[in-house]
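Biologist: I am new to this structure and would love a close look at its buried interior. Could you walk me through that part in one go?

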Amino acid sequence: KYIMKTIETILRDYTSGETTLEETNAALADAGMGVKLDPEKNTIKPGEENAYGLMDTGTGSLDKVRIKGGKLVHSVGTMAARVYWKGVCYDVTGGDTLTPHN
């Protein structure tokens with residue numbers, strides 16, 4: 001539970017624009033996580049915080065996803081997923097709708 005909270009905090013900081021990809025990877029390593037953001041796939045550039053987030057489907061990798069109007073641009077169907085966007089963690093419901101995670 002503590003480790004998950006740490007990961008959520010680290011990813012929230014990144015998706016809100018508070019930390020860089022390099023700082024985020026260093027924090028994930030310090031937390032002892034085997035997860036690392038790929039600069040080719042996961043970079044959210046300054047100014048993109050409102051349009052992109054990181055999706056976790058439980059596979060051990062995070063995917064950069066486009067968000068418009070509080071919904072994923074591309075549905076994940078019935079797959080369980082969580083999205084970190086603008087510093088908030090969301091559950092994906094109905095395939096594309098972001099619902100704040102409790």
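Modeller: Happy to! Let me start with one term: two residues are in contact when heavy atoms of theirs lie within 4.5 Å. Please keep in mind that this is a predicted model.

A good place to begin is Val83, which belongs to strand β4, residues 82-85. Val83 has a relative accessible area of 0%, so it counts as buried. If we set aside neighbours within four places in sequence, the contacts of Val83 are Leu54, Met55, Val65, Ile67, Leu72, Val88, Cys89, Tyr90, Val92 and Leu98. The C-alpha atom of Val83 is also 9.8 Å from that of Leu11, although the two residues are 72 apart along the chain.

Leu11 leads us to the largest nonpolar core, which has twelve residues. Its members are Ile7, Ile10, Leu11, Tyr14, Leu21, Leu28, Leu37, Ile44, Leu54, Leu62, Tyr84 and Cys89. Two elements, α1 (2-15) and α2, each give two or more residues to this core. Helix α1 makes the largest contribution, with four residues. There is also a second, separate core, this one of eleven residues, including Met55, Val65, Ile67 and Leu98. As a general background, nonpolar side chains in soluble globular proteins tend to be buried together.

Now turn to helix α2, residues 21-30, where you will find Thr24. With a relative accessible area of 1%, Thr24 is buried. Beyond its neighbours within four places in sequence, Thr24 is in contact with Ile10, Tyr14, Thr19 and Leu37. Leu28, itself a member of the largest core, touches Ile10, Met33, Val35 and Leu37 once residues up to four places away in sequence are left out. Ile10 and Leu37 therefore appear in the contacts of Thr24, a residue that is buried at 1% relative accessible area, and they appear again in those of Leu28.

Let us finish with the aromatic rings. Searching the whole structure turns up one aromatic pair. It is formed by Trp85 and Tyr90, whose ring centres are 6.0 Å apart and whose planes meet at 50 degrees, so the pair is tilted. Both of these residues are buried, and Tyr90 is among the contacts of Val83 that we listed earlier. The ring of Trp85 has a charged partner too: the charged end of Lys86 sits over it, 4.9 Å from the ring centre. A similar arrangement involves Tyr52, with the charged end of Lys64 over its ring at 4.5 Å from the centre.

Technical notes. Residues numbered from 1 in each chain as written. Predicted model: local features only at pLDDT ≥ 70, side-chain atom pairs only at ≥ 80, totals over all residues. Heavy atoms only, no water. Phe/Tyr/Trp six-rings, centres within 6.5 Å; stacked < 30°, edge-to-face > 60°. Buried < 20%, exposed > 50% of the residue type's maximum accessible area, 1.4 Å probe, protein only. Lys NZ or Arg CZ within 6 Å of the ring centre and 35° of its normal. Core = buried A, V, L, I, M, F, W, Y, C linked by side-chain atoms within 4.5 Å.
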